[in-house]
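Trainee: Please pick one part of this model and take me through it closely. Then show me how the other parts are built.

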Amino acid sequence: MATTSTSSGEFSTTNSSCRSNWVLNREGCCIKIAEGKGRGVYASRVIPPQTVIEVSPVLLFTRTEYEDYGRHTILDHYTFKWRDGRMALALGLGSLFNHSSHPNLSYMIDPVHECIRYTSARTINPEEELCIFYGHQLWFDPVGTTENLKPQVCLDQSDQSEFLDILAIDGEVDEIEPRDTGDPNDDILEGEALPFIWKKLQIDEEEESMEDIRTMHAWAVDIPDLKYIATMLKWLKQSGLESDTLSHLKRIRKRDSITTLLLSVSSSVPLLPTNVDIGDPYQIPVPCNPALTQTSLIFKNTLWPTVYAPRRKWEPAKWSIAKVQWARNAVSHILRNTAQTTSSDELPVIAHVPKPFEDEALLSRSFTAKDTRMSTGHPLRHAAMNIIRNVADWRAKTSPTDLLPDPAASPSNGSLGISDTSCNGTNYLLTGLTLFITHEPCIMCSMALLHSRVKEVFYIVPMPRTGGCGGSECLPALKGVNHRYNIAQWRSRDVDSAAPAHVDEQIDV
Ligand SMILES: C[S@@+](CC[C@H](N)C(=O)[O-])C[C@H]1O[C@@H](n2cnc3c(N)ncnc32)[C@H](O)[C@@H]1O
């Protein structure tokens, strides 16, 4: 079906259903009334996946300007939070995409060019409405037209030329921030609906002796007077300290006559409210995992009251649509960066640690590293090793505990030249973080990741000969290791069709 430009500059189409509607862009999109939603944007022809549908420049309002004026007008239905706190209004079709919890468009903010790019997440058929995901907290009752479709919210894969000094700070591309941060736990995706497959770590034996129990350090505080408990629990809810990392532990422990409240695993000492007369927080070892058996429950409870959850250890926590979108974002990011290494002599392996989905306090910026074995002539400069080093260096530098080095602490990773002055569970390397990497980490990197206490590893290409995450060995499943991390392989159906060329499988040596 042909699309032609009219003398007035609009695009018209010969498609019958859209004949009475203006076709407003080169992808043949038109505006129609979407029942119960006002206007909506519709396809007039087949749109293949990964097609850039629209690039909308944005108008930015200062917070005050918006609070004083914009908020009281119809603009309030169209604006969203920009990354620096300003409010943004997308021009062009950008403001007319309606919401769906199963969107067929993804979107990316480009803060450099002050625009948003909308991309098809799958094949879109003629007459289908083009929808995006606004977030979890809506200000209207949603009417769904695409709710029966399979969730597909992957993000833009297209190139951005100025994109990266790969070893430097990244974060040039953001997801659109919803107006309010909603509850990330609704709309759970499981099994086939996930764009990745969890690896089953063949470890069904539980931590059934005291020595086997894996621990991390958490902040706790004693509550001398029970009248403070309600205040403290309320404060904790609002403090932003709550995270998934402690969700397998009870909040309060009563032992002898002492009541203790579990606070966080943050790297710095939590600042308690000033209106309660309690002591200072202190760190204690707590179990890393819920108890899978009654025996382990007894042992774990001696450290801290633990949740009994008899599921297989390799089954990771539930993933919401929003969290899957976060992961897709990270995978898009490594693929884009891999494409950029093709012009260099480096091996095309890219590692990325994004800001955690649940708990940004664990890491306030993201990291990306490439493999630098070729340029440095150093056989250990694998992408995974480089990223561990970058995150650890940064965490050590920004951690308050680094200001008070413990002279007795022995450097745990001298080969990387990092002085680790913290104790396990605070600013220790990749604690609580997720690594996305193009290629399954080798045995050396998998062990380094284990030492780093990484939470989970996602890779795209398996390395059957050299991989340490299930390829030739599975390091986190070995008996005797003192930390385990989850592993998932990204499904090839969910990798951009342009990617395999960059994500070279021949480097499994
Ligand atoms: C950014 S505008 C989208 C374009 C809008 N439909 C129009 O006619 O201008 C957002 C507004 O569209 C409506 N809307 C968007 N998605 C919707 C949905 N799934 N169900 C009902 N209303 C929706 C809501 O009124 C919302 O405030």
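Mentor: Start with strands β3 (residues 29–34) and β4, which run antiparallel and are joined by six bridges. Strands here are DSSP runs of E with at least two residues, helices are runs of H or I with at least four, and both are numbered from the N terminus. Two strands pair if DSSP finds at least two bridges between them. I33 has R39 of β4 as its bridge partner. Three residues lie between the two strands of this hairpin, and G36 takes a positive phi near 80° there.

A word on the model before we go on. It is predicted, so local features need pLDDT of at least 70 and side-chain atom pairs count only at pLDDT 80 or more, while totals for chains, interfaces and linings use all residues. Residues are numbered from 1 along each chain as its sequence is written.

Now the ligand. β4 gives three residues to the shell around the ligand, the most of any element. The shell has 15 residues, and the closest are G38, R39, H77, N98 and H99. A residue counts as near the ligand if its C-beta atom, placed from the backbone, lies within 6 Å of it. β4 (38–43) and β8 (98–99) are the elements that give two or more residues to the shell. R39 thus has two roles to note: bridge partner of I33, and one of the closest residues to the ligand. By class, the shell has five nonpolar, eight polar and two charged residues. Nonpolar means Ala, Val, Leu, Ile, Met, Phe, Trp, Tyr, Cys and Pro; charged means Asp, Glu, Lys and Arg; the others, Gly among them, count as polar.

Next, the wider chain. It has eight helices and 23 strands. Of its 509 residues, 38% count as buried. Buried means 20 or more other C-beta atoms within 10 Å of the residue's own, exposed means 12 or fewer, and partly exposed lies in between, with C-beta atoms placed from the backbone. Among contacts with a separation of 6 or more, 69% link residues 24 or more positions apart. A contact needs C-beta atoms, placed from the backbone, within 7 Å.

One sheet is open, with five strands in the order β6-β7-β5-β10-β9 and antiparallel pairing. β6 (79–81) and β9 (105–110) are at its edges with a single partner strand each, so one side of each has no neighbour in the sheet. Neighbouring strands are turned by 35° against each other on average, direction ignored. Axes are lines fitted to C-alpha atoms, for helices over the stretch in contact, and angles run from 0 to 180 degrees between N-to-C directions. β6 and β7 (residues 87–90) share three antiparallel bridges. F80 stands opposite A88 there.

Another open sheet has six strands, in the order β13-β23-β22-β21-β19-β20, and its pairing is mixed. Its edge strands, β13 (196–198) and β20 (367–370), each pair on one side only. From one strand to the next, the twist averages 20°. Three antiparallel bridges join β13 to β23 (residues 486–490). Within that pair, I197 has Q489 as its bridge partner. Helix α6 packs on this sheet, touching β19 (350–353), β20 and β21, and its direction makes about 145° with that of β20.

Helix α7 (residues 443–452) has C445, S446, A448, L449 and S452 buried. They cover an arc of only 160° around the axis, which puts them on the same side of α7. That arc uses the directions from the helix axis to the C-beta atoms. Their cover includes α6 (383–398), β21 (434–439) and β22 (456–461). Just after α7, R453 takes a positive phi of about 70°.

Last, a second hairpin. β15 (residues 252–255) and β16 pair in the antiparallel sense over four bridges. K254 stands opposite T259 in β16. Two residues separate the strands, and D256 in the turn has a positive phi of about 50°. β16 (residues 258–264) is also joined to β14 (residues 215–223), by five antiparallel bridges. P305, from the loop between α3 (294–303) and β18 (319–320), has its C-alpha atom 9.2 Å from that of K254, though they are 51 residues apart along the chain. Beyond its neighbours within four places in sequence, P305 contacts L249, K250 and R253. P305 is partly exposed, with 19 other C-beta atoms within 10 Å.

Terms used
Contact = placed C-beta atoms within 7 Å.
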